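Here is a short tour of a protein chain, written to be read with the model open beside you. We begin with its sheets and then step back to the fold as a whole.

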Amino acid sequence: MTQAFPETGAPRDQVLAALRDARAHDLVADGRAFAFLYDPGEEARALAREAFAACMPANGLDPTAYPSARTLENAVVKACLELVHAPAGAVGTATAGGTESVMLAVKAARDHARATRPAITRPRMLLPVTAHACFHKAAHYLGVEVVDVDVDPTTFRADVGDARRKMTDDVILVVGSAPSYTHGVIDDLPALAALAAEHGALMHVDACVGGCLLPFLREAGVDGPAFDFAIDGVTSLSMDLHKYGFAPRGVSLLLQRRRDLRDAQYYTCATWTGYSIINSTTLGSKSVAALGAAHAMIQHLGKVGYRERARRMWDATQHLVGVVDATPGLAMVGRPDMNLFAFTTTDGDVFALADRLTARGWHVQPTYAFGPSPAHIHLTLDPENARRARELGDDLAACARDLPPRTAPPAPVVELLGRIASGAPGIDPRAVVAEMGLGAGTMPREAAPLHRVMNALAPAAREQLLRLFFAELFS
Ligand SMILES: Cc1ncc(COP(=O)(O)O)c(C=O)c1O
């Protein structure tokens with residue numbers, strides 16, 4: 001794609017063709033991707049596109065200039081508060097995604113504690129190691145300390161005993177997942193919420209993945225742990241409309257049990273020469289296009305449409321879990337409460353298995369070991385890939401046969417990468433990126449050697465290499 005700023009403009013067809021070309025290698029919604037996509041099906045997707053375009057001109061920065069921003073947000077928030085058993089007086093905000101919802105939940109907890117518990121000078125947050133990385137990001141941005149909470153090494157649910165042992169007077173927030181992204185399990189949220197309430201802390205449920213789906217699974221007859229405001233002590237909950245709400249990327253909700261909690265999330269500024277601002281989220285000018293599309297999805301699919309999709313995804317999940325259980329050499333990592341899960345190999349190389357699935361046209365997510373969670377393959381099901389679960393299951397069983405054994409990557413390579421990651425002088429990052437097979441900016445087809453090395457590195461070295469890689473991608 002040309003990177004020049006042209007002197008004269010090109011015709012419409014030409015610029016649109018360039019965009020299509022640029023997207024030629026992107027992941028597509030063809031039912032073969034078991035990560036990243038939340039595809040409700042072509043008809044609903046087409047409607048979402050139209051709704052997105054219809055709402056594109058509005059700017060959520062000023063709901064008095066663009067009343068549609070307020071109308072849409074209030075409508076979507078109200079509909080979703082009801083789904084998650086929010087009590088009277090509960091409120092919410094539309095955000096740009098799960099990460100923003102979580103960051104605002106942490107900001108609100110911090111600022112609420114500043115106002116109500118001023119003796120706390122070092123705010124801390126109890127965070128299960130299975131909680132999404134965006135909580136670490138929030139902690140990093142907002143000056144809140146993370147206290148890692150262990151998880152049970154078999155169920156991968158937060159260890160409430162460990163949380164209790166680590167509870168101190170300066171904990172402002174306790175976090176639990178509904179469910180965790182990695183293993184698809186719901187933490188013991190009633191116990192975590194009770195612990196938080198006992199110590200005057202707030203309790204956030206990260207239902208970014210589950211919020212728009214668990215209510216419909218329950219209605220479809222799939223039983224499971226409590227996860228929402230029906231639990232006493234849950235003070236806020238995040239739920240992503242751009243995941244199982246089936247809206248395009250760019251919309252999530254942060255819901256709060258009480259209005260004073262949301263007040264702590266707001267930011268206002270009148271100390272400059274321009275217009276006075278009041279922002280509920282981190283952005284200033286903001287699109288409401290995805291929010292409009294979320295509203296259209298809710299209205300178009302209705303509870304029946306969400307319920308039917310939830311049931312389809314759950315049945316497909318049960319099928320694939322059954323395949324893992326029945327296939328020698330494969331093992332589940334935890335047992336999912338929803339339609340996303342992790343599995344691994346008992347002896348063979350899990351990264352070689354991922355490569356074999358890639359060679360058969362599947363997109364899966366190889367994931368590195370951390371704490372009690374071994375290196376594994378993660379699968380996220382959506383309504384469309386669920387239709388192909390039997391096909392994937394057959395391929396999975398076939399690919400799991402005669403896997404090469406797990407081998408440690410060559411020690412000198414791990415050692416060298418470790419040194420580079422820690423800033424060894426005189427090494428060209430471009431050469432390292434090329435050596436890792438990432439020169440083209442995409443994963444190599446045979447990614448197992450790269451994954452084996454990354455998996456063997458300490459997390460800090462891994463993070464450093466990711467920085468190198470990313471910086472190269474955008475140079
Ligand atoms: C449980 C959970 N929380 C938060 C997030 C962050 O969401 P986003 O990628 O929309 O920022 C994710 C993303 O997968 C998630 O699975």
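A good place to start is the open sheet of 7 strands, ordered β1-β7-β6-β5-β4-β2-β3 with mixed pairing. Strands here are DSSP runs of E with at least two residues, helices are runs of H or I with at least four residues, and both are numbered from the N terminus. Two strands count as paired when DSSP finds at least two bridges between them. At the edges stand β1 (91-95) and β3 (145-149); each has a single partner strand, so one side of each lacks a neighbour in the sheet. From one strand to the next, the twist averages 20°.

This is a predicted model, in which local features need pLDDT of at least 70 and side-chain atom pairs count only at pLDDT 80 or more, while totals for chains, interfaces and linings use all residues. Residues are numbered from 1 along each chain as its sequence is written.

Within that sheet, β5 (residues 202-206) and β6 (residues 236-240) run parallel and are joined by 3 bridges. Val 205 has Leu 237 in β6 as its bridge partner.

The second sheet is also open: 4 strands in the order β10-β11-β13-β12, with antiparallel pairing. Its edges are β10 (330-332) and β12 (365-367), each with a single partner strand, so one side of each has no neighbour in the sheet. Neighbouring strands are turned by 35° against each other on average, direction ignored. Strands β10 and β11 (residues 340-345) run antiparallel and share 3 bridges; Met 332 has Phe 343 in β11 as its bridge partner.

Helices pack on both sheets, as the table shows. Contact means C-beta atoms, placed from the backbone, within 7 Å. Angles run from 0 to 180 degrees between N-to-C directions, with axes fitted to C-alpha atoms, for helices over the stretch in contact.

| Helix | Strands | Angle |
|---|---|---|
| α3 (residues 67-83) | β1, β6 and β7 (252-256) | about 120° to β1 |
| α5 (residues 134-142) | β2 (124-128), β3 and β4 (171-177) | about 150° with β3 |
| α10 (residues 289-326) | β10, β11 and β13 (376-380) | about 130° to β10 |

Stepping back, the protein chain has 16 helices and 13 strands. Its radius of gyration is 23 Å, close to the 23 Å from the globule rule for 475 residues, so the chain is as compact as a globular protein of that length. That radius is taken over C-alpha atoms, and the rule is 2.2 Å times the number of residues to the power 0.38.

Key
Contact = placed C-beta atoms within 7 Å.
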